[in-house]
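Trainee: Could you take me through this structure? I have not worked with it before.
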Amino acid sequence: MVPSGRTRVDAERNRARVLEVARALFAERGDEVQMADVARAAEVGIGTVYRHFPTRQALVEAAAGHRFTEILVFARQECLAAPDPGAGLDLLLRHIGEVLDRDRGLSGAIESAMGSNEPSGESRSALEEVAGTLIERGQEAGVIRADATVEDVYMLVCGLAAVIRTGSGDWRRFARLALDAMRS
């Protein structure tokens with residue numbers, strides 16, 4: 001008999017593996033990815049996938065949550081730690097651009113399953129808090145315009161996401177231009 005602690009560790013490892021593989025598949029192939037594709041690529045049974053993610057939508061939502069958590073960790077560890085008060089916002093917008101560019105297919109799957117690519121709930125609140133802190137620091141240092149708001153950052157991210165999704169230009173240039181507009 002396997003001790004229950006060992007079973008939980010194995011189950012968590014399987015869940016993490018399934019989520020990692022699903023995110024990679026969604027990033028590569030978008031909304032066409034099915035649960036059986038994930039099971040095959042993760043080298044687990046389909047039952048294991050369904051045990052952790054009872055529906056395809058639950059799997060997409062978990063992949064979206066994983067992506068939002070990754071962005072939040074970067075924002076807290078890198079952007080808030082930036083010594084230059086104006087650099088944190090630059091780092092945040094560029095990182096989001098890199099993530100969205102790398103995960104184009106995942107963005108499509110998230111939008112299809114959830115109706116939006118925007119974070120919600122605790123993820124959104126936490127990202128808004130970081131963005132607010134970055135704006136406030138930049139304003140205090142005189143490098144971010146006095147009327148800049150968290151809503152402005154969300155508009156910029158939505159514009160950035162649209163440029164990436166439609167391929168309507170160089171997203172890095174868009175980010176530079178958008179960040180220039182935020183400067184005082």
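Mentor: We shall look at one helix, its neighbours and one buried arginine. This is a predicted model, in which local features need pLDDT of at least 70, side-chain atom pairs count only at pLDDT 80 or more, and totals for chains, interfaces and linings use all residues. Residues are numbered from 1 along each chain as its sequence is written, and side-chain values use heavy atoms, with hydrogens and water left out.

Trainee: How many residues does H7 have?
Mentor: Helix H7 (a DSSP run of H or I, at least four residues, numbered from the N terminus) has 20 residues, 121-140. H7 reaches 29 Å from first to last C-alpha, close to the 28 Å expected at 1.5 Å a residue (1.5 Å times one less than the number of residues).

Trainee: Which residues of H7 are buried?
Mentor: Ala126, Leu127, Val130, Ala131, Leu134, Ile135 and Gly138; buried means under 20% relative accessible area with a 1.4 Å probe, protein chains only. They pack against helices H4 (56-79), H5 (87-102) and H8 (150-166).

Trainee: And where does H7 meet H8?
Mentor: Arg124, Leu127, Glu128, Ala131, Gly132 and Ile135 in H7 meet Val150, Val153 and Tyr154 in H8, contact meaning heavy atoms within 4.5 Å.

Trainee: What follows H7?
Mentor: Gly142, with a positive phi near 80°.

Trainee: Now Arg23: buried or exposed?
Mentor: Arg23, which lies in helix H1 (residues 4-29), is buried, with a relative accessible area of 8%. Beyond its neighbours within four places in sequence, Arg23 contacts His66, Arg67, Glu70, Val99, Arg102, Asp103 and Leu106.

Conventions: Helix = DSSP H or I, 4+ residues; strand = E, 2+ residues; numbered from the N terminus. Buried < 20%, exposed > 50% of the residue type's maximum accessible area, 1.4 Å probe, protein only.
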